[in-house]
Amino acid sequence: MSRNTFRTRIWLPAVKASGVDFPVRVHDLRHAHASWLLAGGADLMSVMERMGHSQIQTTQKYLHTLPDTDQRNLDALTRVQTRRDP
């Protein structure tokens with residue numbers, strides 16, 4: 001199936017049916033996937049391998065901060081501090 005056929009017959013109708021009211025590219029799924037993996041606790045190196053990148057700099061271009069990232073970071077710091085306290 002050609003890229004254009006997939007886009008017009010499958011992708012665009014699926015996006016429309018989803019109710020998403022902004023343009024979404026197939027490539028956007030890669031960005032979302034990498035961000036969700038990292039937000040879920042995956043390490044950068046494993047995300048790099050999963051994405052098929054040979055350089056970490058390429059993977060870093062895919063990373064986007066999610067809305068709750070700052071709170072997750074603070075929670076992680078609290079967990080480390082709590083483990084150290086007697």
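**Local environments and the principal pocket**

Leu-63 is found in the loop that runs between helix H4 and helix H5, the latter spanning residues 69–84. In this predicted model, Leu-63 has a relative accessibility of 30% and therefore counts as partly exposed, since that category lies between the limits of 20% for buried and 50% for exposed residues. When residues up to four places away in sequence are not counted, Leu-63 touches Ala-34, Ser-35, Leu-38 and Leu-44. The separation between Leu-63 and Ala-32 amounts to 31 residues in sequence, whereas their C-alpha atoms are 8.3 Å apart in space.

Helix H4 comprises residues 56–60 and includes Thr-59. With a relative accessibility of 0%, Thr-59 counts as buried, because the threshold for that class is under 20%. The side chain of Thr-59 makes a polar contact, at 2.8 Å, with the side chain of His-53. His-53 also appears among the residues in contact with Thr-59 once neighbours within four places in sequence are left aside, together with Leu-44, Val-47 and Met-48. Leu-44 is thus in contact with Thr-59 and is likewise touched by Leu-63.

Helix H1 extends over residues 3–18 and bends by about 30° at Trp-11, with a proline, Pro-13, following within four residues. Ser-18 belongs to this helix, and its relative accessible area of 47% places the residue in the partly exposed class. Two polar contacts of the Ser-18 side chain involve the backbone: a polar atom of that side chain lies 2.6 Å from the backbone oxygen of Val-15, and the side chain also reaches the backbone nitrogen of Val-20 at 3.2 Å. After H1 comes Gly-19, for which phi is positive and near 85°.

The largest pocket has a volume of about 270 Å³. The elements that contribute two or more residues to the lining of this pocket are H1 and helix H2, which covers residues 26–39. Of these, H1 gives the most, with six residues. Included in the lining are Trp-11 and Val-15; Trp-11 is the position at which H1 bends, and Val-15 is the residue whose backbone oxygen is approached by the side chain of Ser-18. The lining further comprises Arg-3, Phe-6, Arg-7 and Leu-12, as well as Phe-22, Pro-23, Val-24, Arg-25, Val-26 and His-27.

Side chains of opposite charge can pair when their charged atoms come close. A search of the whole structure finds one salt bridge, in which the side chains of Asp-28 and Arg-25 meet with an N to O distance of 2.6 Å. Arg-25 is also one of the residues that line the largest pocket. Asp-28, for its part, counts as partly exposed because its relative accessibility is 24%.

Note on methods. Residues are numbered from 1 along each chain as its sequence is written. This is a predicted model: local features need pLDDT of at least 70, side-chain atom pairs count only at pLDDT 80 or more; totals for chains, interfaces and linings use all residues. Side-chain values use heavy atoms; hydrogens and water are left out. Buried means under 20% relative accessible area, exposed over 50%, partly exposed in between (1.4 Å probe, protein chains only). A polar contact is a pair of N or O atoms within 3.5 Å; within protein, one must be able to donate a hydrogen and the other to accept it, and residues adjacent in sequence count only if both atoms are side-chain atoms. Contact means heavy atoms within 4.5 Å. A salt bridge is a side-chain nitrogen of Lys or Arg within 4 Å of a carboxyl oxygen of Asp or Glu. The bend at a residue is the angle between axes fitted to the seven residues ending there and the seven starting there. On a 1 Å grid over the protein atoms alone, a cavity is a set of points where a 1.4 Å probe fits but cannot get out, and a pocket is an open set with protein on both sides within 12 Å along at least five of seven lines; lining residues have an atom within 4 Å of a point. Grid points are joined across faces, edges and corners, and a volume is the space filled by probe spheres set on the points.
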